[in-house]
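Trainee: Could you take one part of this model and go through it slowly with me? I would like to hear about the aromatic rings and what lies around them.

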Amino acid sequence: MSGWTLTLKQVPALRLDLRALSPVALAGLSADAVAKFGVWHGNESVALGELFTITARTDDALHFEGELSRADRIGWQLAAGRIHVDGPVGDYLGAGMSGGEIVASRDAGLLAACEMSGGRLEIGGNVGDHAASALPGSMDGMRGGTLLVRGSAGARFGDRMRRGSALVFGDAGDFLASRMVAGTIAVAGRIGAHAGYGMRRGSVVCAGTAPAIPPTFVANDANIAVFWQLLARDLARHGGAFASLPARRVQRHLGDLAAGGKGELLLCV
């Protein structure tokens with residue numbers, strides 16, 4: 001037994017930085033040691049036991065419970081293990097993670113899955129702006145792994161994305177896949193303005209309402225039936241609106257011509 005359930009006692013006055021908490025960091029510690037583990041509350045380090053009720057688990061997972069919308073950097077640079085969040089969560093969820101699994105049952109804040117390079121991150125509700133993108137000051141966005149957003153996503157989803165798969169089961173905001181370098185994004189709902197702005201390569205699958213095609217994208221009639229079946233079947237295993245993709249046809253638009261023109265918007269019909 002090395003897992004823990006951390007139940008927030010009350011909403012903190014300031015934001016929490018929980019980057020130090022991971023299944024590996026807490027594995028093998030006694031309940032007393034976990035209670036004394038230091039985390040940041042604003043600019044002050046406080047003992048974990050002052051903020052959370054701590055309960056041992058029979059598995060090796062790390063569970064968070066409560067109103068955690070002021071709790072940032074949960075799963076920061078996670079390399080292994082499982083984290084489950086039962087409640088809304090703050091910013092930087094799963095940022096920099098390279099392995100393991102994070103499941104958040106409700107909404108997540110800004111910059112979720114930024115620079116993610118591996119593992120699986122599932123968000124049960126909506127996610128804020130700049131998910132699957134680059135951290136402030138960085139040139140590289142999401143670089144691998146799988147991101148599932150069961151709700152809707154904010155603006156700049158997948159900005160500077162380089163690799164991996166990111167699926168949105170609801171709507172996506174403006175500047176979807178802006179400056180995208182590679183990887184796959186799929187959206188089941190509506191897409192905001194300026195999709196693919198500055199896109200260099202990569203694929204954006206529009207499984208819902210077709211977005212306005214930017215003037216720097218052009219239609220392409222090349223036969224991509226084999227490629228589409230491989231991609232559609234991979235996305236279909238995630239269910240929802242994507243389950244029917246293998247039976248649908250696509251219209252392909254290439255761009256952004258202002259940035260090389262090798263990206264593609266795939267409109268499902």
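Mentor: Let us begin with the term itself: rings of Phe, Tyr and Trp, the last by its six-membered ring, form a pair if their centres lie within 6.5 Å, and a pair is called edge-to-face when the planes are over 60 degrees apart. Please keep in mind that this is a predicted model. With that rule, a search of the whole structure finds 4 aromatic pairs.

One of them joins Phe 52 and Phe 64, whose ring centres are 6.3 Å apart and whose planes meet at 70°, which makes the pair edge-to-face. The two residues are 12 residues apart and belong to distant parts of the chain, Phe 52 being in strand β5 (residues 52-56) and Phe 64 in strand β6 (residues 62-65). Because buried means under 20% relative accessible area, Phe 52, at 1% relative accessibility, counts as buried, and Phe 64, also at 1%, counts as buried too.

Another pair is made by Phe 169 and Phe 242, again edge-to-face, with 5.0 Å from centre to centre and 80° between the planes. Here the partners are 73 residues apart, with Phe 169 in the loop between β12 and β13 and Phe 242 in the loop between α4 and β16. Phe 169 has a relative accessibility of 18%, so Phe 169 still counts as buried, while Phe 242 is buried with a relative accessible area of 0%.

Now let us return to the earlier pair and look at its surroundings. Leaving aside residues up to four places away in sequence, Phe 52 touches Leu 6, Thr 7, Leu 8, Lys 9, Leu 16, Leu 18 and Leu 68, as well as its ring partner Phe 64. In soluble globular proteins, nonpolar side chains tend to be buried together. The largest nonpolar core of this model has 57 residues, and both Phe 52 and Phe 64 are among those with the most contacts inside it, along with Leu 93, Leu 147, Phe 157 and Ile 185. Strand β1 (residues 4-8) gives the most to this core, with 3 residues. Another core lies apart from it and has 17 residues, including Leu 148, Ala 186, Ile 224 and Ala 232.

Finally, aromatic rings can also have a charge placed over them, and two such cases deserve your attention. The charged end of Arg 19 sits over the ring of Trp 76, at 5.0 Å from the ring centre, and the charged end of Arg 73 sits over the ring of Tyr 92, at 4.2 Å from the centre of that ring.

How values were computed:
Residues numbered from 1 in each chain as written. Heavy atoms only, no water. Core = buried A, V, L, I, M, F, W, Y, C linked by side-chain atoms within 4.5 Å. Buried < 20%, exposed > 50% of the residue type's maximum accessible area, 1.4 Å probe, protein only. Helix = DSSP H or I, 4+ residues; strand = E, 2+ residues; numbered from the N terminus. Contact = heavy atoms within 4.5 Å. Phe/Tyr/Trp six-rings, centres within 6.5 Å; stacked < 30°, edge-to-face > 60°. Lys NZ or Arg CZ within 6 Å of the ring centre and 35° of its normal.
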